[in-house]
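Take a moment to turn the model around on your screen before reading on. We'll walk through it together, from the whole fold down to single residues.

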Amino acid sequence: MSGPDAPYSPGLEGVIATATSISYRDVDHEQIVVRGYDLIELARRLDYPQVAYLVIYGHLPSADELAVFEQALRDQAEPPEAVLRMLELMPRAAEVMDAQRTAISALAGFEAPDELRDTTPDSNARKGVRLLARMPAITANAYRILRGLPTQRPDPALGFAERFLQMITGRRPDPQAARIFDMTLTCYVEHELPNSTFAARVIASTLSDLYGAVAGAAASLKGPLHGGANEAVARMLLDILERGGASIAEAYVMERLARKERIMGFGHRVYMRRYDPRAYLLKDAIPELADRRPEGPELYRIYQIVERVMLREKGLYPNTDYPVGLIYYLLDIPIELDTPIFLAARTPGLVAHVIEQHAHNRIFRPRVLYQGPRGLRPAEEGAPA
Ligand SMILES: CC(=O)SCCNC(=O)CCNC(=O)[C@H](O)C(C)(C)COP(=O)(O)OP(=O)(O)OC[C@H]1O[C@@H](n2cnc3c(N)ncnc32)[C@H](O)[C@@H]1OP(=O)(O)O
Ligand SMILES: O=C([O-])CC(=O)C(=O)O
């Protein structure tokens, strides 16, 4: 069925919008299948660059392939100076995610015109690796520039996650921080067809370029119903702490639910009544990290109470953004960087989807269920409107 007779599904719930061989949320087997592997096993056993390679190229890298890939991520880690200078012109009150998205758009201008418009898998992968390499410096320095801090240069002696965290905090991360940060990046790397990936594919389906598709995905990811939830989680946990801590956590949630407000970091279109496997994995990192900040243990108690109340009252489980909001806070990451980091980590997934869309393209152009008036006529000249 097509056109006005096709069934209408608000929010496209349950609609199969594309075929893909990149990833799939297998609800029945409680697995996130990424290029045939279980994402949770990948996050447990491999480093982020290995998984990023898998997502972009479709197979796990050999030792040589990984060495070349990591070298490319190091060699291309510095964004053009002009992009950073452009960020300096943004108002200081601007949001970091908007600055990051602006920098992504600006990077398109640094590609040779033929390369920018080239939609072949090779060219998209080349551009995608360049973008991924630059994402940490762009993301960390978007924050630093807006907040009047000195910019940081990527340290080629460090691995991807360490390099990223070092530019954010300004100090070399210890092994525990680097390992857990790396694991969060892998958990974020790819997740079937969320709103942001769909946005990227819709944009790519006009044969628009990779940078435009990723910038569009960034705009989508910013929203609190999607990636913006990790920031909202951190702010909520701190709000509960400030208002009295664990002793008021249950009442805090109950009041908000009574007002029909959403508790960020819970619920999911695909998981809805099940635990997001990434959230299940990442929650175990919290007790390990809790003592890194004086308020950490109390925040962890609040975290557990909110989770319990949400399950009891709404039957809803945490999604990935719930543990990540607290983990990033415990790692001394400024809250306004939480969602930009999610986007940086999701870059390989977005690149893979743009490659796939361009390689098997058909433009997205759905229909509507029209509910407006018909048959109206503009007023005759001189007649009252
Ligand atoms: C990495 C990610 O991007 S994961 C998603 C991150 N987003 C969030 O954490 C934001 C909070 N969660 C939500 O708003 C939603 O669960 C979404 C947007 C993720 C999914 O939305 P949908 O699939 O459209 O679910 P929908 O909004 O229809 O919710 C179904 C029911 O659960 C309730 N519900 C869903 N999430 C929540 C929540 N976080 N808090 C309170 N109630 C909720 C809804 O009120 C609704 O209840 P009702 O049937 O009694 O009206
Ligand atoms: O799949 C979704 O809708 C959101 C999500 O969990 C993600 O993008 O990681």
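How many helices and strands does the secondary structure of the protein come to? The tally is 18 helices and 3 strands. The radius of gyration is 22 Å, and the globule rule gives 21 Å for 385 residues, so the protein is as compact as a globular protein of that length. If you drew a box around the C-alpha atoms along the principal axes, it would be roughly 70 × 55 × 50 Å.

Keep in mind that what you're looking at is a predicted model. The mean pLDDT of the protein is 96, and 98% of its residues reach 70 or more. The model also scores ipTM 0.98 and pTM 0.97. One habit to pick up: where pLDDT is low, the predicted coordinates should not be read in detail.

Now for the inside of the fold. Of the 385 residues in the protein, 45% are buried. Look at the contacts too: among those with a separation of 6 or more, 76% are between residues 24 or more positions apart.

Next, the domains. The domain assignment gives two entries: domain 1 is 39–174 + 191–223 + 342–359, and domain 2 is 229–330. Notice that domain 1 is written as several stretches of the chain. The C-alpha centres of domain 1 and domain 2 lie 28 Å apart.

Where do the ligands come in? Start with ligand 2, whose surrounding residues are His 191, Glu 192, Pro 194, His 268, Arg 269, Val 270, Asn 319 and Thr 320. Both domains take part here, with at least three residues of the shell coming from each of domain 1 and domain 2. Sorted by class, this shell has 2 nonpolar, 4 polar and 2 charged residues.

Ligand 1 has 19 residues around it, and Ala 229, Arg 262, Gly 267, Arg 269 and Asn 319 come nearest. Its shell has 7 nonpolar, 8 polar and 4 charged residues. Did you spot Arg 269 and Asn 319 in that list? They also turn up around ligand 2.

Let's zoom in on one helix. Is helix α2 largely enclosed or largely open? This helix covers residues 48–57, and 8 of its 10 residues are buried, so the rest of the structure largely encloses it. The buried ones are Tyr 48, Pro 49, Val 51, Ala 52, Tyr 53, Leu 54, Val 55 and Ile 56. Right after α2 comes Gly 58, with a positive phi near 90°.

Pick out Tyr 53, which sits in helix α2. Why does Tyr 53 count as buried? The cut-off for buried is 20 or more other C-beta atoms within 10 Å, and Tyr 53 has 23, so it qualifies. Leaving out residues up to four places away in sequence, Tyr 53 touches Pro 61, Glu 65, Leu 66 and Phe 69. Take Glu 65, for example: it is 12 residues along the chain from Tyr 53, and their C-alpha atoms are separated by 8.9 Å.

Another buried residue is Ile 22, with 22 other C-beta atoms within 10 Å. You'll find Ile 22 in the segment before β1. Setting aside neighbours within four places in sequence, Ile 22 is in contact with Arg 35, Val 55, Glu 190, Ala 352, His 353 and Glu 356. Val 55 should ring a bell, as one of the buried residues of α2. Not everything comes together around Ile 22, though: the C-alpha atoms of Ile 22 and Arg 172, 150 residues apart along the chain, are separated by 34 Å.

Finally, a few residues with other surroundings. Leu 12 is also in the segment before β1, which runs over 23–26, and Leu 12 is partly exposed, with 14 other C-beta atoms within 10 Å. Its phi is near 55°, a positive value in a residue other than glycine. Leu 207 has a positive phi as well, of about 70°, and is not a glycine either. Leu 207 lies in the loop between α10 (195–204) and α11 (210–221), and is exposed, with 12 other C-beta atoms within 10 Å.

Last stop: Gln 304, in helix α16 (residues 296–314). Gln 304 is partly exposed, with 15 other C-beta atoms within 10 Å. Its C-alpha atom is separated by 18 Å from that of Arg 273, 31 residues away along the chain.

Notes:
Residues are numbered from 1 along each chain as its sequence is written. Chains are lettered from A and ligands numbered from 1 in the order in which they are written. This is a predicted model: local features need pLDDT of at least 70, side-chain atom pairs count only at pLDDT 80 or more; totals for chains, interfaces and linings use all residues. Domain bounds come from an automatic or database domain assignment. A residue is near a molecule or strand if its C-beta atom, placed from the backbone, lies within 6 Å of it. Ala, Val, Leu, Ile, Met, Phe, Trp, Tyr, Cys and Pro count as nonpolar, Asp, Glu, Lys and Arg as charged, and the others, Gly among them, as polar. pLDDT is the predictor's confidence in each residue, from 0 to 100. Helices (H or I, at least four residues) and strands (E, at least two) are DSSP runs, numbered from the N terminus. The radius of gyration is taken over C-alpha atoms; the globule rule is 2.2 Å times the number of residues to the power 0.38. Two residues are in contact if their C-beta atoms, placed from the backbone, lie within 7 Å.
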